[in-house]
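Me: Please take a close look at one part of this structure. Then follow its surroundings outward, step by step, until the rest of the fold is in view.

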Amino acid sequence: MKASVAGRVRNTHLPKTKALLPLFEAIMNSFQAIEEAGSTGHSIHVTVLRQGSLDDGKAGLIEGFAITDTGIGFTDRNFDSFQTVDSPYKAGKGGKGLGRFLWLKAFMRVEIESHFRDPANPEVLLCRTFPFIEVEDDEDCRPTVSLLGRPQTTVRLIGYRSPYRDEC
């Protein structure tokens with residue numbers, strides 16, 4: 001059985017009054033990634049991406065968000081779950097597998113960059129970078145060796161769509 005990302009996005013309901021729900025979903029994923037990573041000393045940073053600059057004292061329209069965490073990252077297991085529609089992977093934590101479709105409902109594209117420890121060899125840090133868009137794509141998402149030096153995942157929600165941007 002195949003699933004269409006564009007079809008799932010089209011059939012996903014997101015009221016304009018819930019314009020920040022996709023951001024909330026991304027932050028919840030960060031909390032879950034940190035919980036899965038274990039240990040202490042983790043962080044989540046949320047950056048608001050705006051049009052223009054603050055030079056004139058006015059904040060430009062919100063174009064998107066970047067959410068960075070130091071959790072477990074997009075390991076093969078997590079990536080496989082991400083690629084599986086209605087995956088039961090996070091069901092025990094209350095996840096329904098719809099958050100990533102809310103991202104695309106409210107944003108034109110999502111860019112993911114994840115630096116994570118190789119489960120087979122925790123001394124090795126790997127990097128997986130890929131876009132998440134509505135167009136069906138068999139892009140190579142195999143991890144490469146990371147040059148970052150520490151686990152970190154950034155999800156960029158880019159191109160805030162109307163009417164969500166207007167309500168935010």
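Reply:
**Helix 3 and its surroundings**

In helix 3 (residues 76-83), the buried residues are N78, F79, S81 and F82. Viewed down the helix axis, these residues fall within an arc of 160°, so they line one face of helix 3. Buried means under 20% relative accessible area, exposed means over 50%, and partly exposed lies in between (1.4 Å probe, protein chains only). The arc is taken over the directions from the helix axis to the C-beta atoms. Helices (H or I, at least four residues) and strands (E, at least two) are DSSP runs, numbered from the N terminus. D76 and R77 are exposed on the other side of helix 3.

This is a predicted model: local features need pLDDT of at least 70, side-chain atom pairs need pLDDT 80 or more, and totals for chains, interfaces and linings use all residues. Residues are numbered from 1 along each chain as its sequence is written, and side-chain values use heavy atoms, with hydrogens and water left out.

What covers the buried face? The cover of the buried residues of helix 3 includes helix 2 (21-37), helix 4 (99-106), strand 3 (107-118) and strand 4 (121-132). A contact here means heavy atoms within 4.5 Å.

Take helix 4 from that list. Helix 4 is mostly covered: 8 of its 8 residues are buried. They are G99, R100, F101, L102, W103, L104, K105 and A106.

Next, the rings. The structure holds 10 aromatic pairs. Rings of Phe, Tyr and Trp (its six-membered ring) pair if their centres lie within 6.5 Å; planes under 30 degrees apart are stacked, over 60 edge-to-face, and the rest tilted. One of the pairs is F65 with Y160: the ring centres are 5.9 Å apart and the planes stand at 75°, so the pair is edge-to-face. The two rings come from distant parts of the chain, F65 from strand 2 (residues 62-69) and Y160 from strand 6 (residues 152-160), 95 residues apart. F65 is buried, with a relative accessible area of 3%. Y160 also counts as buried, at 3% relative accessibility.

Another pair brings us back to helix 3. The rings of F82 and W103 have centres 6.2 Å apart and planes at 35°, so this pair is tilted. It links distant parts of the chain, with F82 in helix 3, W103 in helix 4, and the two positions 21 residues apart. F82 and W103 are both buried.

F79 and F82 belong to a wider group. One aromatic cluster takes in F74, F79, F82, F101, W103, F130 and F132.

Two arginines sit over rings of helix 3. R100 lies over the face of F82, 5.5 Å from the ring centre. The charged end of R128 sits over the ring of F79, at 4.5 Å from its centre. A charge sits over a ring if NZ of Lys or CZ of Arg is within 6 Å of the ring centre and within 35 degrees of the ring normal.

Now the sheet, which holds strands 3 and 4. Its 6 strands form an open sheet in the order 1-2-6-3-4-5, with antiparallel pairing. Strand 1 and strand 5 (144-145) stand at the edges, each with a single partner strand, so one side of each has no neighbour in the sheet. Two strands pair if DSSP finds at least two bridges between them. Strand 4 and strand 5 pair in the antiparallel sense over 2 bridges.

C127 stands opposite T144 in strand 5. C127 is buried, with a relative accessible area of 11%. C168 is partly exposed, at 37% relative accessibility. A search of the whole structure finds 0 disulfides (pairs of cysteine sulfur atoms within 2.5 Å).

At the other edge, V48 is found in strand 1 (residues 44-50). V48 is partly exposed, with a relative accessible area of 40%. Leaving aside residues up to four places away in sequence, V48 touches I62, G64 and F65. V48 and E63 are 15 residues apart in sequence and 7.9 Å apart in space, C-alpha to C-alpha.

Finally, the whole chain. The protein has 5 helices and 6 strands. From the N terminus on, the elements run α-α-β-β-α-α-β-β-β-β-α. Of its 168 residues, 38% count as buried. Among contacts with a separation of 6 or more, 66% are between residues 24 or more positions apart.
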